[in-house]
Amino acid sequence: MQSTVPSLASIENWPVPTAAAAVVRADGTVAGSHGPTGQRFPLASVTKPLAAYAVLVAYEEGAIDLDEPAGPEGSTVRHLLAHTSGLAFDENRVMAAPGARRIYSNTGFEALGDHVAKATDIPFADYLHQAVLEPLGMTSTTLEGSPAKDGVSTVDDLVRFAAEVQAPRLLDARTVLDAMTVTYPGLTGILPGYGHQKPNDWGLGFEIRDSKSPHWTGATSSPRTFGHFGQAGTFLWIDPDAAAACVALTDRPFGPWAVEAWPPFTDAVLAELRAR
């Protein structure tokens with residue numbers, strides 16, 4: 001395949017042992033890829049959008065409602081998806097009233113997994129497989145623990161997911177629009193690795209770029225860009241204005257190298273897409 005995104009090859013310059021990346025357009029065509037796109041990598045928090053998508057399938061199937069109680073007292077499924085339940089980052093401790101603050105929470109996503117498992121009588125990893133992974137042909141993706149951070153996947157599989165989010169078949173397009181729209185606007189909070197953001201906007205399981213600075217996407221990424229990055233040195237962004245998504249997986253934990261490398265990489269990718 002002739003890549004229309006030669007800047008993907010710049011991942012060779014990242015200070016990581018192994019990296020793979022790809023760009024998929026909104027029509028599902030792969031604009032380019034580089035590296036071992038069939039190699040499985042731990043996703044860390046890039047697991048969350050996959051888990052959120054399964055939760056939204058459960059909602060559309062009628063197994064759960066977004067505004068039913070879930071998590072701590074006063075919290076709902078929607079609060080958990082939007083990191084506004086008040087739960088702490090990585091412990092079962094309430095730090096704020098639901099809807100009051102944006103507190104990024106692995107515990108909240110684990111509560112979501114438990115809630116869906118109880119509602120469907122299916123272990124959440126199995127539900128994710130049946131609801132999302134299997135229908136999309138994501139045969140190399142597994143959830144090996146927490147729905148917040150224990151996914152393992154390949155670039156090839158995440159390209160399938162990114163194509164689905166851009167042109168939904170498993171969900172109603174209006175549900176996906178809700179997921180990529182700010183939920184509980186105006187809330188402040190910490191974006192892990194990037195400090196305090198005011199506002200710290202999120203949708204339902206997806207982080208929304210808006211005007212955040214600093215940020216892991218590019219300076220030329222549209223404010224509507226949404227996605228997630230992970231502490232395993234992984235990211236997935238979808239830029240509706242560019243009508244494209246980009247996936248990058250590595251085997252080096254997130255750190256200053258990623259803060260330095262990712263934004264210019266994204267800007268180069270976007271420039272090449274716009275030049276087409």
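Start by selecting strand 1, residues 19-25, where 6 of its 7 residues are buried. Keep in mind throughout that this is a predicted model.

**Stop 1: the six-stranded sheet**

With strand 1 still selected, add strand 2. The two strands pair in the antiparallel sense over 4 bridges. Ala 22 is a good place to look, with Ser 33 in strand 2 as its bridge partner. Now follow the chain from one strand to the other: strand 1 and strand 2 form a hairpin with 4 residues between them. Click on Gly 28 in the turn, which has a positive phi of about 90°.

Next, add strand 11, residues 244-250. Strand 11 runs antiparallel to strand 1, and 7 bridges join the two. Here Ala 20 stands opposite Leu 249. Strand 11 is also joined to strand 10, by 5 bridges, again antiparallel. To see one of these pairs, select Phe 235 and its bridge partner in strand 11, Ala 248.

Now show the whole sheet. It is open, has 6 strands in the order 2-1-11-10-9-8, and its pairing is antiparallel. Which are the edge strands? They are strand 2 (30-34) and strand 8 (207-208), each of which pairs on one side only. While the strands are in view, show some side chains: in a regular strand they alternate between the two faces of the sheet.

**Stop 2: the three-stranded sheet**

Move to the open sheet of 3 strands, which has the order 3-5-4 and antiparallel pairing. Strand 3 (41-44) and strand 4 (142-143) are at the edges; each has a single partner strand, so one side of each has no neighbour in the sheet. Select strand 5, residues 151-153, which is joined to strand 3 by 3 bridges. Within that pairing, Pro 42 has Val 152 as its bridge partner.

**Stop 3: the nonpolar cores**

Select Leu 81, Val 132 and Phe 161. Of the 56 residues in the largest nonpolar core, these touch the most other members. Then colour helix 1 (residues 47-60), which supplies the largest share of this core, 9 residues. Zoom in on Val 132. Which residues is Val 132 in contact with, leaving aside its neighbours within four places in sequence? They are Tyr 53, Ala 54, Val 57, Tyr 127, Phe 161 and Leu 170. Another core, of 29 residues, lies apart from the largest one; Tyr 194, Phe 229, Ala 258 and Leu 270 are among its members.

**Stop 4: the two largest pockets**

Turn on a surface view. Rolling a probe the size of a water molecule over the atoms shows where empty space is left. The largest pocket holds about 350 Å³ of space. It is lined by 22 residues, and those closest to its centre are Phe 89, Tyr 104, Ile 190, Leu 191 and Pro 192. Strand 6 (189-191) and strand 9 (226-230) are the elements that give two or more residues to this lining. By class, the lining has 10 nonpolar, 8 polar and 4 charged residues.

For the second largest pocket, with a volume of about 170 Å³, select Val 165, Gln 166, Met 180, Phe 226 and Pro 240. Of its 14 lining residues, these lie nearest the centre. Helix 5 (155-166), helix 6 (173-179) and strand 10 (234-239) each give two or more residues to the lining. Helix 6 has the largest share, 3 residues. How many residues of each class are in this lining? There are 12 nonpolar, 1 polar and 1 charged.

Note on methods: Residues are numbered from 1 along each chain as its sequence is written. This is a predicted model: local features need pLDDT of at least 70, side-chain atom pairs count only at pLDDT 80 or more; totals for chains, interfaces and linings use all residues. Side-chain values use heavy atoms; hydrogens and water are left out. A nonpolar core is a set of buried Ala, Val, Leu, Ile, Met, Phe, Trp, Tyr and Cys residues joined through side-chain atoms within 4.5 Å. Buried means under 20% relative accessible area, exposed over 50%, partly exposed in between (1.4 Å probe, protein chains only). Contact means heavy atoms within 4.5 Å. Two strands pair if DSSP finds at least two bridges between them. On a 1 Å grid over the protein atoms alone, a cavity is a set of points where a 1.4 Å probe fits but cannot get out, and a pocket is an open set with protein on both sides within 12 Å along at least five of seven lines; lining residues have an atom within 4 Å of a point. Grid points are joined across faces, edges and corners, and a volume is the space filled by probe spheres set on the points. Ala, Val, Leu, Ile, Met, Phe, Trp, Tyr, Cys and Pro count as nonpolar, Asp, Glu, Lys and Arg as charged, and the others, Gly among them, as polar.
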